[in-house]
Structures are given as C-alpha cells and as structure tokens.
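Here's a quick tour of the empty and filled spaces in this protein, with a couple of backbone oddities at the end. Have the model open while you read.

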Amino acid sequence: MSNRSPDILFSNHVRDHPSWSVFEARFQDIYGSGPERMAVLARITDSLADALRTRSTALVELDRARSAAPDWTSVSGNVIYTFYVDRFSQDLAGLIERLDYLQSLGVRWLHPLPLLRSRPGDSDGGFAVADFRQIEPHLGSMDDLAALTTALHQRGMGLLLDVVCNHTAREHAWAVAARAGDLASRAFYRVESTETSVAAWGEHLIDVFPDTAPGSFTHEPEMGGWVWTTFYPFQWDLNYANPAVFIEMLDVLLFLANQGVDGFRLDSAPFLWKREGTSCRNQPEAYRIVEAWRAALSIVVPGVVLLAEAIESIDDVLPFFGQQSPGCDLAYNNGVMTALWGALADEDAGIARTLIEAASVRPAHAAWLNYVRCHDDLIWNALAAYAEPADLKRWSDFYAGGGFSGGRAFQTAPGGVPSTNGMAAALVGLGRDGVDQDLAARRLTLLYGIIHGLDGWPLIYMGDEVALGNDEAFDRDPARRDEGRWLHRPVMDWYKAEGRDDPDRIEGRTFAALRRFGKLSRSLDGLDIRGPARPVALTEKAVLAFERFEGSRRLLVLANLSPRGVVADLPPGWAGGGHDLVSGRDQSGPSIMLEPYDLLWLADRT
Ligand code: GLC
C-alpha cells in the first residue's frame, strides 16, 4: 500500500489539473462517450501520472520557468534552424560540436528532420519510422539525444523533434504484427478489402506524390487487402478512429518529452482523420486530436510545444492553433512564405499583402513559424483560394527555371500546378548564368529580412545562411534520383561556411545579414514592438509594407520587391518617417527612396 501512494498522488495531480477536463472533453468529441470510455481514460491517467513521476527535476524546472511566462512562445527572435542531421553534421555527436556555429548565427531552437529509427532503404528522408523510441543507429543513440538536449538546455536553447504521427513504416512492430495476422495491430491501420471501396475513397483524395507514389492505397497480400498509404507505399497511415492509436502516440510524445525534447513537429497533421466523401484532409477530428494532445501535455510537460506541419490553405491551417481549446503553439506560415515568392516573381506585393492579412487573425497564444524554404517542395496549390489559376501557373513556371530562378518543377496532382524544388539561393538566381549576382544576393537577404520582421519564430533552412545552392548531382544517385526534393537537400558545405566572416564573399554577406536580422528581431520585445503583422497598401505596387502596432512603439517594414530603385509614399501615420533599425539611420517622410530589393524596418523614434 505504501508504495502505491506516490502513484495516487500523481494520478490525483493529473485529474485535478484544469487541463484534464479539457482533455476529457476533446477525447469525448473524438471518441464519444460510450461505456468503454472510462477504462480508456483510466489508462490515459496512468500514462500521464507515470510521465509526471519519471520526469527529471531539471525538466520540471524548465517547465516551471516556461509556464511562469505564459506567452513565452511569442518571444521575439526565437530563431530556429532546420536540417537533416546526416547532411549537416553526420550524426548527433557531430551536431553537439556544431552548436557554437549555430549559436554564433543566433539560433535558439533546433529542428533536426526525423531522427527516430526508420526503415532500411528508402525511408522518405526518415519519415517512415520503424521505432519511435530509438534513434536511427547511424545518427546515434538515445544517450546521444540526452547529451544533445542537455547541451542545448545549458545554452538556453531548445529541441523540436519530428513525430511522424500520421503513419509508420511497414516495418514498424505494429505493422509487422498486423502482417502476421494480429488483429489488434491490424486495427492500427486502415485496410480496404475490395477494389470498389478503394475506388470509392480514392475518388475524393488528392495524391501527394502522383508520379512516384500514385494513389493512396497499397495492395498488401499479407493484409488481405489494400492498406491506406497517403504518401509512399511503405508509409502506412494510422487509424485514429481507433483510440488505441491515439493513446500509443500520446505515449510516444510523453516518452520523448521525458528524454528532454522541448517540442514536437506533428508531421502530416492534416491527414490524421479519414471521412468518406471528403479529401480526408483537415477534418474536424484532426483538429480535436491535436487539441487533446495539447491538453494532455499541458498537464505533465507544460513546457513542451507543438508545431503543426500543415502545408495547406491558410484557412485550413489556422484551426490547428485550436478551436475548442488550445491546439498547436506553432504552425508553418506556408501561405505567407509561398506568397512572398510569388510577389518577388511579379514585383508586385499584392499576394503577400493578402496572405499577411489572412495570417494576422491567428489566436494570441499562437505563433507562426516564418520561413523562406524548407526540405519540402514549394506548393503553389496551397494558395489556390487566394490567387487565380493563371497566377499559380505563372509562379510555378517562373521558379521551374524561368526568370532569374534555378529551381525545378515537382510533381502535382491533376488540376494543380507543379510545385517547385530548389534551395533559396538557387531560386533567387545565385550561381545562375546571365543573372546579376548582386541582385540575386539581395533577393535572398530581402526574403530573410521580411520573415524576421513578421510576428513569430523565424526559421532558417540549413545552408541558406551561407547561400548554399542546389544539389544538382542528386539525380546521379540511384537512391535519390526519383525524388526531386533531394535537389534542395545538399550536404552542408563546411568549406563554403569557412567564408562566413568575409564580407566580400556571398557566404559572409548572407551570414552577416541573417545573424543581424536575428538580433534585430530579438530586440523587438525590448523596444515594445508587438502584435501581428498587418499589411498596408502603398501606391507603389513593388513595395510590400506591413505594420506591427500593438506595443508602445510601432514598426513599419518596407520591402522593395523589384530590381529598380523606387520611391514609396509612406502610409498616413508615418508621414514623419521613423528610425530604420536595419541601417540604423533616421528616415524622414513623407516618402522614402528604396534601393533595388531594399529593406527598411522603420520604428517610431523614441
Ligand atoms: C511531411 C514531410 C515530408 C514527408 C511527408 C510524409 O510533409 O515534411 O517531407 O514526405 O510528411 O511523411
């Protein structure tokens, strides 16, 4: 009896916590209120109590510190860096040695792409996980992960890890058991037994990889039917209609949180729930699932953040921040990112203004992850609700090697326009014959300067800080040549990075600019410049302008998206000019001359 009492204390803490009733309500929204629910909730209470009991004192302290400042996720300048570990530093031990480099760039958080044990052979860059509780052996071990999180916490930094919650590898123990005939494991996946039902579902689904992985089902004779595989045939979608799946994934989150992980990128979150007659993306239950996970984590690991990986139309992304109760703390601002590239091609800020406006309605607790590029393709179709088909086509063509850009087209489902692959440096024209290299360099720093001025966390994609170009040779590697996204997943060029302190080299120029933007962005809280970015229309269409005005000082960001010098008439309220934080100079109004691809962050003078 005496050794039960601490467990009871932990269970009581769970059930007495204000987030428990929120959790129960969300769980009921998803799974109903049948009589079996009590047993399931008791099982979840045990998991949470156990996680609480085993959480280290150091992590509990971190939770306390973060919870003491409830809006800590809105802190300005929380720069995050994303990369494949093997391509950046070979392994986790090598990553620890690169922390000085990252810190000198101003990075505060790391997002390594998947590092849990994946299937052998093609694993979609690690997104086909065979074991959620082990590190991919060639990257290191759980001890290396612990060493990394400890090193990061000592530096005041955080780690965001991918949890590929929508699917597992067909080699995961659950799938192996399912293939061997275990019925409980089979119920973790979705299997259709007839071609008719596959066709009925398929009628409404949109292929993610129509060329390399057409359809959303894979015939698996051992399963006696067709397994749901939204992505590659070896990535089996989990069946969240089965509460056991929800619970297992919650256990995974708790397990990793207790290894010191500070946040989770919920991969492919839009696909978590399937409903007949729909595209099976962004269903209400998918939002409820993240809300339920958020509530559960808030009880025992409140300092851990959730990032929605939802590269969809912004109206489908916003609900991931939570509708019934708080959901994800962070979400990719893919609408604004994509719109910025479109606006840059057109030398017209219109589409960027529209998306910045749409993004400004985020809830107060939520923060955008603002970015220029990532490891995936740039999906123009996600702007379909805000732009004409002709616009999408023009941008898609432009970045597939037209205009100044050195990108390439990527597969798209019928009815859409091809997405774009390529490193940011290549997309702006660096290293491309016939393209003015000074202007190309300005385009790259301009985009990064804009995303650092928006509200949210600025994200740097590995190599962009030294203007790393495409891996044009990827298609000579038989293991990668069929997947166009490897174009923008080069190995980090540490020789190039040596030039980062040389202002006369593109590496030095870019590194210094990004480091400076990080610093400026971090200074905004101190200047009391706050609130969501809100677009301002100017008469000069090439100039993107947005304001942030919820603090005691205002910020007006002005970005010239054209290779020409232009004169921008300042908006009313700024006619007197302001202090440009980027150049450190005062600017007087009512109009301002902007150099080609110039960027100003005008703040109210004190
Ligand atoms: C996400 C990842 C992408 C991966 C897919 C399937 O979209 O970012 O790289 O292919 O999920 O896991």
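## Cavities, pocket and ligand

Let's start inside: Asn333, Val336, Ile356, Ala359, Ser360, Trp368, Leu454, Asp455 and Ala533 line the second largest cavity. Its space comes to about 50 Å³. Sorted by class, that lining has six nonpolar, two polar and one charged residues. Keep in mind that this is a predicted model.

How many cavities of 30 Å³ or more does a search of the whole structure find? The count is three. The largest cavity holds about 70 Å³ of space. You'll find Leu205, Ile206, Ser216, Trp228, Thr230, Phe271, Lys274, Ser279, Cys280 and Arg281 along its wall. Here the lining splits into five nonpolar, three polar and two charged residues.

Now for the open space. The largest pocket has a volume of about 920 Å³. It is lined by 48 residues, and those closest to the centre of the pocket are Val208, Arg281, Ile311, Glu312 and Ile379. Two elements, α15 (334-346) and α17 (389-399), each give two or more residues to this lining. The largest share comes from α15, with three residues. By class, the pocket lining has 23 nonpolar, 15 polar and ten charged residues.

Arg281 is worth a second look: this residue lines the largest cavity and is also among the residues closest to the centre of the largest pocket.

Where does the ligand sit? In that largest pocket. A shell of 13 residues surrounds the ligand, with Asp124, Arg265, Asp267, His375 and Asp376 the closest. The shell divides into six charged, four polar and three nonpolar residues.

Three of those closest residues have polar side-chain atoms facing an oxygen atom of the ligand at these distances:

| Residue | Distance from a polar side-chain atom to a ligand oxygen atom |
|---|---|
| Asp124 | 2.6 Å |
| Arg265 | 2.8 Å |
| His375 | 2.9 Å |

How much of the ligand does the protein bury? On its own the ligand would expose 310 Å², and 94% of that area is buried by the protein.

Two backbone details round things off. Which peptide bond is cis? The one joining Gly589 and Pro590, where omega is about 5°. Pro590 sits in the loop between β23 (586-587) and β24 (591-594).

The other detail is Asn282, a non-glycine residue with a positive phi of about 55°. Look for Asn282 in the loop that runs between β11 (263-266) and α13 (284-300).

To pull the ligand picture together: the ligand lies in the largest pocket, its shell includes six charged residues, and Asp124 puts a side-chain N or O atom 2.6 Å from one of its oxygen atoms.

Methods. Residues are numbered from 1 along each chain as its sequence is written. This is a predicted model: local features need pLDDT of at least 70, side-chain atom pairs count only at pLDDT 80 or more; totals for chains, interfaces and linings use all residues. Side-chain values use heavy atoms; hydrogens and water are left out. A residue is near a molecule or strand if one of its heavy atoms lies within 4 Å of it. A polar contact is a pair of N or O atoms within 3.5 Å; within protein, one must be able to donate a hydrogen and the other to accept it, and residues adjacent in sequence count only if both atoms are side-chain atoms. Accessible areas come from the Shrake-Rupley method with a 1.4 Å probe; for residues, only the protein chains shown count as cover. On a 1 Å grid over the protein atoms alone, a cavity is a set of points where a 1.4 Å probe fits but cannot get out, and a pocket is an open set with protein on both sides within 12 Å along at least five of seven lines; lining residues have an atom within 4 Å of a point. A molecule sits in a cavity or pocket if more than half of its atoms lie within 2 Å of its grid points. Ala, Val, Leu, Ile, Met, Phe, Trp, Tyr, Cys and Pro count as nonpolar, Asp, Glu, Lys and Arg as charged, and the others, Gly among them, as polar. Grid points are joined across faces, edges and corners, and a volume is the space filled by probe spheres set on the points. Helices (H or I, at least four residues) and strands (E, at least two) are DSSP runs, numbered from the N terminus.
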